[in-house]
Amino acid sequence: MLSIGVDIGGTKIAAGVVDEDGEIIAATTRSTPATDAALIEAACAEAVAELRGDHDVVGVGVGAAGFVSSDRRTVTFSANLAWRGHPLADELEQLTGLPVVVENDANAAGWAEYRFGAAREAEHMLMVTVGTGLGGALVMDGQLVRGRWGFAGEIAHMTAVPDGQWCGCGRRGCLEQYTAGTALVRTAKRRASAGDPLMGPLVQAAGGSRKEVDGPLITRLAQQGDPGAVELIAELGDWLGRGLSSIATLLDPDMIVVGGGVAAAGDLLLDPARAAYARTITAAAQRELAPFVLARMGNRAGIVGAADLAR
């Protein structure tokens with residue numbers, strides 16, 4: 001039984017035909033016309049039509065960046081795409097003639113890791129994606145946790161620092177402001193502006209301009225052993241571990257999966273996160289600490305997870 005997964009990103013729509021083992025057997029892409037909902041839907045429908053031309057599929061799953069209603073039909077809000085209370089499933093069903101399920105993109109990726117990736121042996125999984133922003137997904141007792149309104153797992157906007165750094169959501173001190181790629185770059189630029197000598201090699205690698213410093217560059221230099229980049233990644237990992245310990249105190253997962261672009265730093269990120277987690281979690285001596293593992297599905301996760309949820 002085959003289904004199609006569609007992962008709608010800010011710049012690219014990726015779609016694939018996925019089998020019951022989570023393997024993508026055909027794929028295609030389109031650019032994302034992010035400011036026009038109708039054009040986004042048309043691009044998705046074109047991708048689906050291309051893929052189903054050679055494959056008999058039972059439905060379509062869509063991973064969308066934003067808040068998705070509990071019935072998995074409507075994108076209630078998206079910060080970067082043209083959706084406000086938008087009936088995405090209804091529109092795509094009319095265009096494709098297939099049943100459509102819509103899911104938050106982080107939930108779709110987390111479900112892929114639970115079903116086919118790093119958390120296949122887990123019953124209670126917490127997944128966090130550390131990229132430009134911070135994403136989260138929860139699977140408890142084998143079920144994707146969505147909450148009453150579909151907003152569960154939005155760990156990015158837990159308060160980490162009361163009255164702290166302003167967040168794009170309109171509030172201050174959200175966890176995302178201390179644990180995502182934007183925080184990594186902001187800290188690097190601030191320290192470089194203050195004349196921190198540890199940031200010198202980073203600025204030099206950015207062509208001599210601190211404005212050109214970005215997350216992938218910091219990660220690459222950290223992997224090469226640059227002390228300043230290693231310190232930046234470790235600081236972010238410390239914030240991540242402290243945030244995850246608060247979540248784990250409430251949910252008690254048996255595995256924590258870490259993905260996203262910053263996770264390419266591997267143990268340079270995970271070791272400080274593990275240490276902060278163990279240091280700050282409630283009753284650390286009386287419990288078995290959940291292992292931190294790297295996500296395995298990579299860029300395939302959104303497509304595979306959405307397709308599996310549709311099936």
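Student: What makes the sulfur of Cys-167 too far from the closest cysteine sulfur for a bond?

Tutor: That closest sulfur belongs to Cys-169 and sits 3.8 Å away. A disulfide takes a pair of cysteine sulfur atoms within 2.5 Å, so this pair doesn't make it. Keep in mind that this is a predicted model, where local features need pLDDT of at least 70 and side-chain atom pairs count only at pLDDT 80 or more, while totals for chains, interfaces and linings use all residues. Residues are numbered from 1 along each chain as its sequence is written, and side-chain values use heavy atoms, with hydrogens and water left out.

Student: How far is the sulfur of Cys-174 from the closest cysteine sulfur?

Tutor: It's 3.7 Å, again to Cys-169, so that one is too far for a bond as well. The structure holds zero disulfides.

Student: Is Cys-167 buried or exposed, and how do you know?

Tutor: Buried means under 20% relative accessible area, exposed means over 50%, and partly exposed is in between (1.4 Å probe, protein chains only). Cys-167 comes in at 8%, so it's buried. Cys-174 has 0%, so it gets that label too.

Student: How do you know whether the end C-alpha atoms of helix α9 agree with its 14 residues?

Tutor: Helices (H or I, at least four residues) and strands (E, at least two) are DSSP runs, numbered from the N terminus. The expected span of a helix is 1.5 Å times one less than its number of residues. For α9 (residues 267–280) that gives 20 Å, and the end C-alpha atoms are 19 Å apart, so the two agree.

Student: Which residues of α9 are buried, and what do they pack against?

Tutor: Leu-269, Leu-270, Pro-272, Ala-273, Ala-276 and Tyr-277 are buried. They pack against α8 (227–251), β12 (255–259) and β13 (292–294), where contact means heavy atoms within 4.5 Å.

Student: What is the label for Thr-219, buried or exposed?

Tutor: Its relative accessible area is 6%, so Thr-219 is buried. Thr-219 lies in helix α7 (residues 215–223). Setting aside neighbours within four places in sequence, Thr-219 touches Ile-233, Val-262, Ala-264 and Ala-265.

Student: What is the phi of Asp-252 near?

Tutor: Near 55°, a positive value in a residue other than glycine. Most residues other than glycine have a negative phi. Asp-252 sits in the loop between α8 and β12, and its relative accessibility is 47%, so it counts as partly exposed.

Student: And where is Ala-283?

Tutor: Ala-283 is in the loop between α9 and β13, with a positive phi near 55°. Its relative accessible area is 39%, so Ala-283 is partly exposed.
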